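Reader: Could we go through this structure together? I am new to reading such models and would like to ask about it piece by piece.

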Amino acid sequence: MIHGKNNIGKSLSAKGELSFQTFSPLTLEQLPEKFVQATSEELEDAVQKAVSAYAVYKRKPGKERAVFLRAVADEIEAVGPELIERACAESGLPEGRITGERGRTTNQLRMFAKVLEDGDWVEASIDPAMPDRKPLPRADIRKMLQPVGPVVVFTASNFPLAFSTAGGDTASALAAGNPVIVKSHPYHAGTNELVSGAIVKAAQKTGMPDGVFSSLNATDFSIGQGLVMHPKVKSVAFTGSFNGGKSLYDLAQKRDEPIPVFAEMGSVNPVLLLPGKIKQNTAGLGATIASSINLGAGQFCTNPGVLVAVKGGETEAFKSELAANVAKLMPEKMLHKNIISNFEQKTKSFFENGIVTKLAESENEPAQLTGKPIVAVVKGSDFVKNPDLAEEIFGPFSLLIECDGKAELESVMGAFEGQLTASVFCTADDVETYSPAIEILQEVVGRLIFNGVPTGVEVGYSMQHGGPFPASTDGRFTSVGVDAIKRFVRPVAFQDAPDAYLPDELKDANPLEIWRRVDGKLTKDVIN
């Protein structure tokens with residue numbers, strides 16, 4: 001049963017007078033359950049519980065936090081079909097997609113549990129004392145990463161599980177030793193409630209402190225702004241639009257103590273299609289790119305929003321294949337009526353400047369709340385003069401930029417702002433011929449993909465999902481993969497500290513048997 005209340009630590013609370021309902025893209029109606037919007041008093045309660053929990057949780061050994069994360073994964077799976085049904089109802093996404101997303105969510109949690117058990121994520125470093133060093137002795141200095149304090153997570157609309165309540169932001173922040181307060185997305189408040197309940201249940205079963213996790217409902221900006229501005233909150237994670245992420249970032253800089261906002265924002269993920277590769281597989285590329293544009297109704301942060309090619313016979317043949325494949329695409333459900341309205345408005349206005357023409361659109365009549373796939377074309381010279389054409393349109397839309405030779409191609413590459421990804425479809429000869437353009441593109445992306453579409457993000461040790469501004473607020477960090485944990489920690493050095501006071505990770509005996517850098521060398525050895 002959905003109760004519609006806020007999770008304040010292990011307690012349920014519904015002190016507010018305002019409530020709202022979620023909308024189902026499947027039925028095109030509001031779902032019956034009402035969710036009570038959190039009050040400023042409940043916000044304060046959640047933060048104070050998080051502060052108290054932090055004093056205890058940060059001292060929990062990594063292996064205990066690992067047990068907690070695995071328990072969260074188990075409890076999410078234990079919710080069973082109800083979670084899948086609710087997520088489908090609130091997002092309009094198909095059952096197979098949601099089932100896969102649940103698997104990704106639980107796998108992320110278990111991945112971070114393994115990271116905690118291995119222990120070397122803390123980057124323990126020890127420079128033993130050298131009292132006899134000349135001309136000056138060296139003190140004993142030891143350093144490691146430690147948690148920062150309460151973290152606020154804003155959930156994403158397009159991934160109701162994997163980038164949401166128990167998604168990568170929450171998993172990595174909890175793994176690092178920080179309590180988490182989730183500001184739930186009003187599009188999928190019911191899904192959030194089911195997952196929040198699973199996290200709270202796991203916390204209680206594994207003896208985690210009350211307040212290690214809370215979740216607050218809201219449809220307006222007041223609760224989110226209040227959380228960002230609260231002096232006890234130490235970090236923020238966000239996945240969504242540029243305007244939303246930048247607003248939170250700007251707000252956080254106005255605090256007496258500015259804090260980091262790790263926002264993953266808009267990206268058009270340029271796809272560079274080079275002549276040799278087009279000639280080698282014209283038909284295959286046309287089908288592959290069209291499919292990627294329409295995947296999930298184009299509602300992926302890695303959707304290929306811009307294609308780039310050099311004018312020539314190969315490109316003309318590719319355009320024909322792409323147009324034919326786009327015409328056959330079936331419009332898919334979008335997440336919400338507001339999103340489809342914005343998509344339709346932006347695609348309509350995109351052609352009003354007179355320099356962009358329509359290459360193709362789906363010939364299948366869209367049903368209610370489905371986005372009609374569209375591909376447009378513009379000259380490279382016009383794009384360089386109007387780089388705002390690369391602004392993200394959230395949905396199944398892509399712009400093909402045709403460049404008149406290598407020089408113009410390099411100019412186009414230089415016009416892009418920061419991106420999450422870029423793809424290069426090429427042969428070995430293409431790489432040699434067009435390497436300057438590829439290198440220019442590399443400077444503005446977090447992940448450079450060769451002969452593959454951008455849609456799809458592997459969760460692992462080597463993934464970088466983040467890019468230079470405006471793709472994210474800090475391109476040094478990733479929101480996906482093991483290194484996501486580094487967003488919610490800070491380095492602390494201990495100089496000449498008694499061994500008994502040091503964290504286990506830095507003690508002479510290395511009781512956790514982790515890899516450490518001792519005097520510049522990686523080792524598991526004890527220090528004599």
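**Aromatic rings and other features**

Author: Let us begin with one aromatic cluster, which is formed by F159, F163 and F300. Please keep in mind that the model is predicted.

Reader: Does a charge come into this anywhere? Where does the charged end of R97 sit?

Author: The charged end of R97 sits over the ring of F159, at 4.6 Å from the ring centre.

Reader: How many aromatic pairs does the structure hold?

Author: It holds 12 aromatic pairs. One of them is formed by Y57 and F68: the ring centres are 6.2 Å apart and the planes stand at 90 degrees, so this pair is edge-to-face. The pair links distant parts of the chain, with Y57 in helix α1 (residues 40–57) and F68 in helix α2 (residues 62–79), 11 residues apart.

Reader: Are Y57 and F68 buried or exposed?

Author: Both Y57 and F68 are buried. In addition, R65 lies over the face of Y57, 5.9 Å from the centre of the ring.

Reader: And what about F350 and F351, how are their planes set?

Author: The planes of F350 and F351 are at 85 degrees and the ring centres are 6.1 Å apart, so this pair is edge-to-face. F350 counts as buried because its relative accessibility is 10%, which is under the 20% cut-off.

Reader: New topic: disulfides. What does the count come to?

Author: The count comes to zero disulfides. C88, for example, is in no disulfide, and the nearest cysteine sulfur, that of C301, is 20 Å away. C88 counts as buried, with a relative accessibility of 9%.

Reader: Why is the sulfur of C403 not in a bond with that of C426?

Author: The sulfur of C426 is the closest cysteine sulfur to that of C403, but the separation is 16 Å, which is too far for a bond. A disulfide requires the two sulfur atoms to be within 2.5 Å. C403 counts as buried, at 0% relative accessibility.

Reader: Now helices. How do α3 and α6 pack?

Author: Helix α3 (residues 81–91) and helix α6 (residues 189–205) pack with their axes 8 Å apart, at an angle of about 155 degrees. The two helices are therefore roughly antiparallel to each other, since an angle over 145 degrees counts as such. In passing α6, helix α3 makes a left-handed crossing.

Reader: What about strands? Where does F23 lie?

Author: F23 lies in strand β4 (residues 23–24), and at 10% relative accessibility F23 counts as buried. Along the chain, F23 and Y187 are 164 residues apart, yet their C-alpha atoms are separated by 6.8 Å.

Reader: Which peptide bonds are cis?

Author: One of them joins K134 and P135, with omega at about 5 degrees. P135 lies in the loop between β7 (125–127) and β8 (141–147). Another cis bond runs from F469 to P470, with omega near 10 degrees, and P470 lies in the loop between β22 (445–450) and β23 (489–495). Most peptide bonds are trans.

Reader: One last thing: which residues other than glycine have a positive phi?

Author: Among them is N269, whose phi is about 50 degrees. N269 lies in the loop between β13 (261–264) and β14 (271–273) and is buried, with a relative accessible area of 0%. L369 also has a positive phi, near 65 degrees. L369 is found in the loop between β17 (357–361) and β18 (370–371), and is buried, with a relative accessible area of 10%.

Definitions and conventions
Residues numbered from 1 in each chain as written. Predicted model: local features only at pLDDT ≥ 70, side-chain atom pairs only at ≥ 80, totals over all residues. Heavy atoms only, no water. Phe/Tyr/Trp six-rings, centres within 6.5 Å; stacked < 30°, edge-to-face > 60°. Helix = DSSP H or I, 4+ residues; strand = E, 2+ residues; numbered from the N terminus. Buried < 20%, exposed > 50% of the residue type's maximum accessible area, 1.4 Å probe, protein only. Lys NZ or Arg CZ within 6 Å of the ring centre and 35° of its normal. Axes fitted to C-alpha atoms, helices over the stretch in contact; angles between N-to-C directions. Parallel < 35°, antiparallel > 145°, perpendicular 65-115°, else oblique. Left-handed = near helix turned anticlockwise from the far one by under 90°.
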